[in-house]
Amino acid sequence: MKRKIINISRPRQMTLWERAYLPEAVRGLYTTLRHVFMKKVTVEYPDEEMPIHENFRALHRLNTDDDGNLLCVACMLCATVCPANCITIVAGESDDPDIEKYPVSYDIDMGRCIFCGFCEEACPKAAIELTKNYRLADYDKSTFKYDKEQLSNTPITRRKKE
Ligand code: SF4
Ligand code: SF4
């Protein structure tokens, strides 16, 4: 078998200036000091917050009318369109003759939600919307399941409608 010869070049030798060490240390110090006085780019979250884009989508809110009744009529469109399958609704017959059904329970598993906004788009009653409330982080997975009461108490931080 024919042997292949590979030439490996030696690494470049350090110059006298580099070997002196001190100039390089001074250069490193200069770089550090230069960054100390540069414009701050980090944000001290949660004491400070970054501005949120007007179309940012986060925690859902179930909207109510002026009397505090949920606008949802349990039509199931949001649950049907949801690509993550994270909306669970149990419908019941409404006492109101003008409304056929109401949500006996309405749950969203935020741990599965991808915040696509399809549920909001599909709703014929503007009963659900995604707010800018993004403080959802937790160590306990069970806290990501939001029920009707929690969703209707989401603070109103509406996104700008296109
Ligand atoms: S935002 Fe998307 S994934 Fe989340 S509940 Fe609505 S439709 Fe489902
Ligand atoms: S939130 Fe809207 S789309 Fe979903 S069940 Fe209620 S009325 Fe229907």
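Glu18 and Arg12 meet in a salt bridge, with their closest N and O atoms 3.4 Å apart. This is a predicted model, and the Glu18–Arg12 pair is one of four salt bridges that the structure holds. Beyond these contacts, there is an open sheet of three strands to look at, along with two ligands whose nearest residues include several cysteines: Cys82 and Cys113 are among those closest to ligand 1, and Cys72 and Cys75 are among those closest to ligand 2. Here is a friendly tour, topic by topic.

**Salt bridges**

- In the pair that opens this briefing, Glu18 is partly exposed at 24% relative accessibility, whereas Arg12 is exposed, its relative accessible area being 61%.
- A salt bridge also links Glu24 to Arg27, and here the closest N and O atoms are 3.0 Å apart.
- Both of these residues sit in helix 2, and because they are three residues apart, about one helical turn separates Glu24 from Arg27.
- Glu24 counts as partly exposed at 31% relative accessibility, while Arg27 reaches 54% and counts as exposed.
- Lys40 and Glu48 bring their side chains together in a further salt bridge, at 3.5 Å from N to O.
- The lysine of this pair, Lys40, is exposed with a relative accessible area of 52%; its partner Glu48 is partly exposed at 33%.

**The nonpolar patch**

- Leu29, Leu33, Val36 and Phe37 make a nonpolar surface patch of about 470 Å².
- One of its members, Leu33, belongs to helix 2, which covers residues 22-36.
- Leu33 has a relative accessible area of 48%, so this residue is partly exposed.

**The sheet**

- The three strands of the open sheet follow the order 2-3-5, and their pairing is antiparallel.
- Strand 2 (87-93) and strand 5 (145-146) are the edge strands: each has a single partner strand, so one side of each is left without a neighbour in the sheet.
- As general background, strands of a sheet pair through backbone hydrogen bonds, in either a parallel or an antiparallel way.
- Seven bridges connect strand 2 with strand 3 in the antiparallel sense.
- Within that pairing, Glu93 stands opposite Lys101 of strand 3.
- Strand 3, made of residues 101-109, is joined to strand 5 by two bridges, and these two strands also run antiparallel.
- Two facing pairs can be picked out here: Ile108 is opposite Tyr146 in strand 5, and Asp109 is opposite Lys145 in strand 5.

**The two ligand sites**

- Around ligand 1 there are 14 residues, of which Cys82, Cys113, Cys116, Gly117 and Cys119 are the closest.
- The shell of ligand 1 comprises twelve nonpolar residues, two polar ones and no charged ones.
- Around ligand 2 there are 13 residues, and Cys72, Cys75, Met76, Cys78 and Cys123 come nearest.
- For ligand 2, the shell divides into 13 nonpolar residues, with no polar and no charged ones.

**Backbone details worth a look**

- Tyr45 and Pro46 are joined by a cis peptide bond, with omega at about 5 degrees.
- Pro46 lies in the loop that runs between helix 2 and strand 1 (60-62).
- Ala74 is a residue other than glycine with a positive phi, near 50 degrees.
- The place of Ala74 is the loop between strand 1 and helix 3 (77-81), and Ala74 is buried, with a relative accessible area of 0%.
- Phe115, again a residue other than glycine, has a positive phi near 55 degrees.
- This phenylalanine, Phe115, is found in the loop between strand 3 and helix 4 (118-122), where its relative accessible area of 22% makes Phe115 partly exposed.

**A long-range pair**

- Lys4 is located in the segment before helix 1 (16-19), and Lys4 is exposed, with a relative accessible area of 76%.
- From C-alpha to C-alpha, Lys4 and Lys141 are 59 Å apart in space, and 137 residues separate them in sequence.

Terms used:
Residues numbered from 1 in each chain as written. Chains lettered and ligands numbered in written order. Predicted model: local features only at pLDDT ≥ 70, side-chain atom pairs only at ≥ 80, totals over all residues. Heavy atoms only, no water. Pairing = 2+ DSSP bridges. Helix = DSSP H or I, 4+ residues; strand = E, 2+ residues; numbered from the N terminus. Near = heavy atom within 4 Å. Nonpolar A, V, L, I, M, F, W, Y, C, P; charged D, E, K, R; others polar. Patch = residues over 30% accessible without salt bridge, like charges linked within 9 Å, V, L, I, M, F, W, Y side chains within 5 Å. Areas by Shrake-Rupley, 256 points an atom, 1.4 Å probe, with all protein chains shown as cover. Buried < 20%, exposed > 50% of the residue type's maximum accessible area, 1.4 Å probe, protein only.
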